[in-house]
Amino acid sequence: MQDKQNLAPQPPKGGVLKDKFLKQKNLIENFLQKNIKSISPKLEEVMKYACLNGGKRLRGILFLNTFEAISQKDSETLIPIASGIECIHTMSLIHDDLPCMDNDDFRRGKASAHKAFNEAEALLAGDALLADGLAMIFKAFLTSPPLGGWGAFEIIIEAIGSLGMTGGQSLDINTKNISNIKQIEEIHKYKTGALLKASILCGAITANANDFQIKALKNYGEKIGLIFQIRDDILDIDKQEEITYLRFMTKEKAEELILELLIQAKNYLKEININSQALFEIADLIAKRDF
Ligand code: GRG
């Protein structure tokens with residue numbers, strides 16, 4: 001066991017892959033710029049406004065780098081899939097910001113879609129981004145079937161449905177009294193964590209990962225989903241939210257928990273001994289929110 005640990009790839013020092021992530025982000029954004037289209041000029045304007053306004057492209061980047069880690073191949077041909085995932089993610093943000101949901105006037109530092117336009121336009125842009133995002137992924141798989149089969153597509157669809165993100169959002173709006181941290185974890189496991197984890201697993205299955213690798217990457221995905229959320233709560237410390245880790249622990253304790261989860265996430269990567277420097281580094285960037 002000791003020997004196996006020593007042979008495992010070690011986390012890079014100093015974030016050497018940031019340029020690579022920036023390049024992938026730009027490729028995703030170029031694809032979206034060219035492929036977000038509508039027969040309605042207004043719909044196209046709102047979709048582009050919401051989608052091309054400064055997102056980190058974390059889910060797309062996780063997908064591409066998990067594929068590369070398992071297959072040891074370049075992922076550039078899979079940009080349409082990464083872009084489709086980002087369209088779906090943007091849809092969830094547009095709907096989450098609506099007055100009937102989280103009621104947020106700002107997103108990515110700008111007026112949220114329903115504020116910049118109106119609720120009807122925002123709803124339609126969300127609908128179209130969901131359908132068009134799924135179509136981008138579907139078309140990419142149709143023209144070049146993934147080694148691991150269509151399960152890679154299924155994992156994304158399941159992650160956003162009633163057993164995933166939408167289910168988590170429903171738990172969120174229906175939970176009135178939070179009395180312990182487990183309830184918070186449960187909501188975020190689905191609301192925020194499901195699509196993050198699915199982006200990783202989609203990359204793994206597309207690259208034909210074996211069961212052992214998939215299990216470890218699932219665990220890695222769950223840990224970085226938690227880290228993502230705790231960092232979010234720390235950054236949003238002034239927000240009077242019911243559902244925040246900081247109701248149950250101090251900021252210092254939350255920082256300690258992030259470090260603990262980071263070690264656990266990286267240990268799952270070491271377990272499978274793949275060349276996954278990018279995945280080590282993404283975990284660090286999520287922990288520091290330095291994307
Ligand atoms: C997708 C079918 C479907 C339904 C959506 C509205 C809804 C149902 C779910 C809400 C989910 C939601 C908004 C979760 C919050 C996730 C979160 C913390 C988003 C912020 O992610 P970042 O920081 O965003 O990666 P950027 O702006 O960088 O893309």
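Me: How far does a polar side-chain atom of Lys 56 lie from an oxygen atom of the ligand?
Reply: Keep in mind that this is a predicted model. A polar contact needs a pair of N or O atoms within 3.5 Å. The polar side-chain atom of Lys 56 meets that, as its distance from a ligand oxygen atom is 2.5 Å.

Me: And what about the side chain of Arg 59, how far is one of its N or O atoms from an oxygen atom of the ligand?
Reply: Let's use the 3.5 Å limit for polar contacts again. The side chain of Arg 59 has an N or O atom that falls inside it, with a ligand oxygen at 2.8 Å.

Me: How much of the ligand does the protein bury?
Reply: Start with the ligand taken alone, which exposes 760 Å². Put the protein back around it, and the share of that area that gets buried is 90%.

Me: Which residues come nearest, out of the 18 around the ligand?
Reply: Being around the ligand takes a heavy atom within 4 Å of it, and 18 residues qualify. The ones that come nearest are Lys 56, Arg 59, His 89, Arg 108 and Thr 166.

Me: Where does Arg 108 lie?
Reply: Arg 108 also touches the ligand, with a side-chain N or O atom 2.7 Å from a ligand oxygen. Its phi is near 50 degrees, a positive value in a residue that isn't glycine. As for its place, look between β1 (106-107) and β2 (110-111): Arg 108 is in the loop.

Me: Is Arg 108 buried, partly exposed or exposed?
Reply: Buried means under 20% relative accessible area, and exposed means over 50%. Arg 108 has 23%, so it counts as partly exposed.

Me: Which loop holds Asn 208?
Reply: Asn 208 has a positive phi too, about 65 degrees, although it is not a glycine. At 47% relative accessibility, it counts as partly exposed. Its loop is the one between α11 (193-206) and α12 (211-235).

Me: How many aromatic pairs are there?
Reply: Ring centres have to lie within 6.5 Å to make a pair. By that rule, the count is six.

Me: What kind of aromatic pair do Phe 138 and Trp 150 form?
Reply: Their rings are 5.5 Å apart, centre to centre, with 50 degrees between the planes. Under 30 degrees would be stacked and over 60 would be edge-to-face. That makes this pair tilted.

Me: How many residues apart in sequence are the parts that this pair ties together?
Reply: Phe 138 sits in helix α7, while Trp 150 is in the loop between α7 and α8 (151-160). So the pair ties together parts whose separation in sequence is 12 residues.

Me: Is Phe 153 buried or exposed?
Reply: Phe 153 makes a tilted pair with Phe 138, at 6.0 Å centre to centre. That pair links helix α7 to helix α8. Since Phe 153 has 10% relative accessibility, it counts as buried.

Me: Which residues form the nonpolar patch on the surface?
Reply: Patch members need over 30% relative accessible area. Phe 138 has 38%, Trp 150 has 37% and Leu 142, in helix α7, has 51%. With about 300 Å² of accessible area together, the patch is formed by Phe 138, Leu 142 and Trp 150.

Methods. Residues are numbered from 1 along each chain as its sequence is written. This is a predicted model: local features need pLDDT of at least 70, side-chain atom pairs count only at pLDDT 80 or more; totals for chains, interfaces and linings use all residues. Side-chain values use heavy atoms; hydrogens and water are left out. Patches are made of residues with over 30% relative accessible area and no salt bridge: like charges are joined within 9 Å, nonpolar side chains (Val, Leu, Ile, Met, Phe, Trp, Tyr) within 5 Å. Accessible areas come from the Shrake-Rupley method with a 1.4 Å probe; for residues, only the protein chains shown count as cover. A salt bridge is a side-chain nitrogen of Lys or Arg within 4 Å of a carboxyl oxygen of Asp or Glu. Helices (H or I, at least four residues) and strands (E, at least two) are DSSP runs, numbered from the N terminus. Buried means under 20% relative accessible area, exposed over 50%, partly exposed in between (1.4 Å probe, protein chains only). A polar contact is a pair of N or O atoms within 3.5 Å; within protein, one must be able to donate a hydrogen and the other to accept it, and residues adjacent in sequence count only if both atoms are side-chain atoms.
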